[in-house]
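Me: I'm new to reading structures, and I'd like to understand the labels people use. Could we go through some of them together?

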Amino acid sequence: MAKNQSRTPGRDVRGGKGKGGRPFRPAQGKGPRGEKNRPPASRPGAARRAPQQRDRTDLIEGRRAVEEALACGMPLRSALVQERSGERDQALEKIVVRLDEAGVPVERVPRARLDALSSHGAHQGVVVRTRPFAYAELADVIAAAGEGPALVVVLDHVTDQGNFGAIVRTAEVVGAAGVVVAKARAASVGVGAYKTSAGAVMHLPIAQVPNLARAIDELKAAGFWACAATEHATEDVWHAPMGGRLALVMGSEGEGISRLVAEKCDFSCRLPQRGRVESLNVAQATTVLCYEWLRRVECGGETHA
């Protein structure tokens, strides 16, 4: 396989600036009444809680969110539940029973304590503390790949937990060795990722690295070919060398693959498209590309290992 088939940096195969692009931000001008457009005033008390909440990424609040965390098997450390007052809250007590059954210690506390912990005042009487997710090292992912054909999915600052979780689920299903993500400005493993991955985050090594470009160099040193998925590629996925030991690099929802990361890749590919809509989102595109890798391996296609 020839290296450097394309060094063109670009967005992921979802591409474009449509629904997945940067959010619209109104200009700081004047409205129809001659008043400056300003962000809405913050809710009283929000400023006092903000410094605390920035440091508390281990809390989940609200009944639905707690139920989802329990349903997807997210490891929980403890729970704070509002003290009973007046009539028994049947819905809240059912959650307490589920927490007990899951072996999560439950502490009854005054509402004021939950209010102080809440990020948006909608705790609904329950806040749970999660256990920190145990991220793998890049060396663990490389070790899991063993010898011969293997797939590693590298995410260049994918920020949406739903997309992140769906990608991890696909990677686990096709038998990937692991997923590599950036430590900063990227989605991390939280309740959203647990839910959309259907628990796959507990069965697949996920490595957080400080430098994606350096991580790709390490994967290449371990015998992987790095493929950048971008709409700017000249070669489509059907003709690209997608088998063997492959590090599949997917870009962020809005900006795609960064220039530095793209330059580290050996080749690039795109998904063919006939329809009128912009294209697939990053999670859908990753699924297509992962299954093309699996098809090549299962059908005895080229390996380029």
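**Rings, burial and a helix face**

Reply: Happy to! By the ring-centre rule, the count comes to two aromatic pairs. Keep in mind that this is a predicted model.

Me: What makes Phe133 and Tyr135 an edge-to-face pair?

Reply: Rings pair if their centres lie within 6.5 Å, and planes over 60 degrees apart count as edge-to-face. Phe133 and Tyr135 are 4.8 Å apart, centre to centre, with 80° between the planes, so both conditions of the rule are met.

Me: And why is the pair of Phe133 and Tyr194 called edge-to-face?

Reply: Their planes stand at 80° and their centres are 6.5 Å apart, so the pair is edge-to-face. This pair links distant parts of the chain: Phe133 sits in the loop between strand E4 and helix H5, while Tyr194 is in helix H7, 61 residues apart. Ring pairs link Phe133, Tyr135 and Tyr194 into a cluster.

Me: How do you know whether Tyr194 is buried or exposed?

Reply: Buried means under 20% relative accessible area. Tyr194 has 3% relative accessibility, so Tyr194 counts as buried. Tyr135, at 25%, counts as partly exposed, because that class runs from the buried cut-off up to 50%.

Me: What makes the buried residues of helix H8 line one face?

Reply: They are Leu212, Ala213, Ala215, Ile216 and Leu219. Seen down the axis of H8, they fall within an arc of 160°, so they line one face of the helix.

Me: Why is Arg245 said to lie over the face of Phe224?

Reply: The distance cut-off is 6 Å from the ring centre, and Arg245 lies at 4.4 Å, over the face of the ring.

Conventions: Residues numbered from 1 in each chain as written. Predicted model: local features only at pLDDT ≥ 70, side-chain atom pairs only at ≥ 80, totals over all residues. Heavy atoms only, no water. Buried < 20%, exposed > 50% of the residue type's maximum accessible area, 1.4 Å probe, protein only. Helix = DSSP H or I, 4+ residues; strand = E, 2+ residues; numbered from the N terminus. Arc of directions from axis to C-beta. Phe/Tyr/Trp six-rings, centres within 6.5 Å; stacked < 30°, edge-to-face > 60°. Lys NZ or Arg CZ within 6 Å of the ring centre and 35° of its normal.
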